[in-house]
Amino acid sequence: MAREKRFEEIFKEGNGLSEIHKIIVDKETGVNYFVWTNGYAGGITPLLDEQGNPVITR
């Protein structure tokens, strides 16, 4: 039985050879995350609105 993916990529910028920026959405909670990668380095953080609350996609 195939398991449904929890995260969906909604934005991607970069060529895959160097720095890549993505926005992914957790389909269970709706929280948006910013993902940055450059070679073997990278990071992930939730996107926040003007009041400091997580950006949520319904």
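**A walk from the hairpin to the aromatic pair**

Let's start at the turn: the hairpin of S3 and S4 has two residues between its strands, and Gly-39 there takes a positive phi near 65°. Strands here are DSSP runs of E with at least two residues, numbered from the N terminus. Keep in mind that this is a predicted model, where local features need pLDDT of at least 70, side-chain atom pairs count only at pLDDT 80 or more, and totals for chains, interfaces and linings use all residues. Residues are numbered from 1 along each chain as its sequence is written, and side-chain values use heavy atoms, with hydrogens and water left out.

Back at the hairpin, S3 (residues 32–38) and S4 (residues 41–46) run antiparallel, joined by six bridges; two strands pair if DSSP finds at least two bridges between them. One such partnership links Asn-38 to Ala-41 in S4.

Now hop over to strand S2 (residues 19–26), home of His-21. Ile-23 sits in S2 as well. Leaving out residues up to four places away in sequence, Ile-23 touches (heavy atoms within 4.5 Å) Glu-8, Glu-9, Ile-10, Phe-11, Asn-32, Tyr-33 and Leu-47.

Tyr-33 brings us to the aromatics, where the structure holds one pair (ring centres of Phe, Tyr or the six-membered ring of Trp within 6.5 Å). The rings of Phe-7 and Tyr-33 have centres 6.4 Å apart and planes at 70°, so they meet edge-to-face, the label for planes over 60 degrees apart, with under 30 being stacked and the rest tilted. Because Phe-7 lies in strand S1 (residues 7–13) and Tyr-33 in S3, the pair ties together parts 26 residues apart in sequence.

Key: Helices (H or I, at least four residues) and strands (E, at least two) are DSSP runs, numbered from the N terminus.
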